[in-house]
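Please look through the model shown here with an eye to its metal site, its contacts with nucleic acid and its backbone geometry.

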There are 2 protein chains.
Amino acid sequence: MNAAGRFARYLSTNRLKMTRTRRAILEEILAIRGHFTADDLLAHFRRRGRDVAPATLYRTLARLVEAGLVHRIDMAKGQARYEPMFGRHHHDHMICVSCGKIIEFENRTIERIQADVCRRKRFTLVEHTHQLRGHCAQCSQNGTPAARPRGAS
Amino acid sequence: MNAAGRFARYLSTNRLKMTRTRRAILEEILAIRGHFTADDLLAHFRRRGRDVAPATLYRTLARLVEAGLVHRIDMAKGQARYEPMFGRHHHDHMICVSCGKIIEFENRTIERIQADVCRRKRFTLVEHTHQLRGHCAQCSQNGTPAARPRGAS
DNA sequence: GCCACAATTGAGAATGATTATCAATTTTGC
DNA sequence: GCAAAATTGATAATCATTCTCAATTGTGGC
Ligand SMILES: [Mn+2]
Ligand SMILES: [Mn+2]
Ligand SMILES: [Zn+2]
Ligand SMILES: [Zn+2]
């Protein structure tokens, strides 16, 4: 089933309503590729004349995360990033601390060992984050960041 | 060299001063074992009649982290946790989402693969966080959390 | 030990991302 | 179409942490 259908199913299962605002937000996310912040989305809407209140966007993002359609990436500081997870599988992130770029990686061996570690400690894993922070190829080469990270001076 | 000595060296190297407040904070941290929040420390001080301003504590913790004597653990929500790193090596954390308990783990294989991943992507690793969130042995068994997580209702 | 001067402290204000409130509006099942 | 329940948006609130700035303290050189 497609993203809109999955969201509709999630909503009705939870006695929630499919509103035009929620539809618009989901469509906007479908159009964006990669990682984005709540403000990125708000800016997109403003540019298109359709204004969405921050509170509403945050609420809808939370619903989409609950529905498993969007993934939220908590950063050590600054705004969280979100990314669509329609038909994608889990992966982790390398974050360039000079330009802000996010590089994805996935490693089955790490995931397996992680599960082993939990088993040994009798820990029931619900979710995990594995973030590598450092300098991307361009930034370590140039010395000059390719672009400013969000929120940099 | 011991912790106090290392901090003194770090401070003088950076034209900073070893004050009585900084000494008191370092001693307090030496006395605590395990993970703690800024508020935990402030409470300790208040109980002992020695009052330290939050701003000062946060500033000193930042210095201790820079000096490599303390490690800061950013949580998805709520206050950051800190832990002394005097003569300890790197490890990662399992965090119980029902009682707040933090269990440490370290795995050389994961660390090695992680380094490989970075090499392949030409990514210069500076630091990383690997957090596993779920339910600890007690909480998954009891159904009832052993204790409330900080900030829970 | 004293001085000059830079660093530190603490009180309080500010920050900033996100969440809570609540009256007005929209959905939806019937 | 109606009523009940959910949603929206404007706005205030939260809350951990950082900033500001005047008063205080530590330090290196004499
Ligand atoms: Mn991603
Ligand atoms: Mn630890
Ligand atoms: Zn970069
Ligand atoms: Zn637990």
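The paragraphs below take up a zinc site, then the surface near a DNA strand, and finally a loop residue in each of two chains. The model is a predicted one, and the values that follow should be read in that light.

We begin with the metal. The zinc ion (ligand 3) is held by the SG atoms of C96(A), C99(A), C136(A) and C139(A), at 2.2 to 2.4 Å. The angles among the four donor atoms run from 101 to 118 degrees, and the site is tetrahedral. Along the sequence, the donor residues of the zinc ion (ligand 3) follow the spacing C-x2-C-x36-C-x2-C. C99(A) sits in the loop between strand 3 (92–96) and strand 4 (102–105) of chain A, while C139(A) belongs to helix 6 (residues 137–142) of chain A, so this pair ties together parts that are 40 residues apart in sequence. C99(A) and C139(A) are both buried.

From the metal we turn to the nucleic acid. DNA strand D is surrounded by 21 residues, and the closest of these are K17(A), T19(A), R22(A), R59(A) and Y58(B). Of the atoms of DNA strand D that come within 4 Å of the protein, 74% belong to sugar and phosphate. By class, the residues of the surface near DNA strand D comprise nine charged, six polar and six nonpolar ones.

Individual contacts from chain B show which parts of the strand are approached. Y58(B) places a polar side-chain atom 2.4 Å from a phosphate oxygen of DNA strand D, whereas for R59(B) a polar side-chain atom lies 3.4 Å from a base oxygen of that strand. In the case of A80(B), it is a backbone N or O atom that lies 3.0 Å from a phosphate oxygen of DNA strand D. The elements giving two or more residues to the surface near DNA strand D are helix 2 and helix 4 (54–66) of chain A, along with helix 4 (54–66) of chain B. Helix 4 of chain B supplies the largest share of that surface, namely three residues.

The last stop is a point of backbone geometry. R15(A), although not a glycine, has a positive phi of about 60 degrees, and R15(A) is found in the loop between helix 1 (3–13) and helix 2 (20–31) of chain A. In chain B, R15(B) likewise has a positive phi, of about 55 degrees, without being a glycine, and R15(B) lies in the loop between helix 1 (3–13) and helix 2 (20–31) of that chain. R15(A) is exposed, with a relative accessible area of 77%, and R15(B) is exposed with a relative accessible area of 77%.

How values were computed
Residues numbered from 1 in each chain as written. Chains lettered and ligands numbered in written order. Predicted model: local features only at pLDDT ≥ 70, side-chain atom pairs only at ≥ 80, totals over all residues. Heavy atoms only, no water. Helix = DSSP H or I, 4+ residues; strand = E, 2+ residues; numbered from the N terminus. Buried < 20%, exposed > 50% of the residue type's maximum accessible area, 1.4 Å probe, protein only. Donors = N, O, S within 2.8 Å, 3.2 Å for Na, K, Ca; no water. Tetrahedral: all angles 85-135°; square planar, octahedral: opposite > 155°, others 65-115°. Near = heavy atom within 4 Å. Polar contact = N/O pair within 3.5 Å; in protein donor to acceptor, adjacent residues only side chain to side chain. Nonpolar A, V, L, I, M, F, W, Y, C, P; charged D, E, K, R; others polar.
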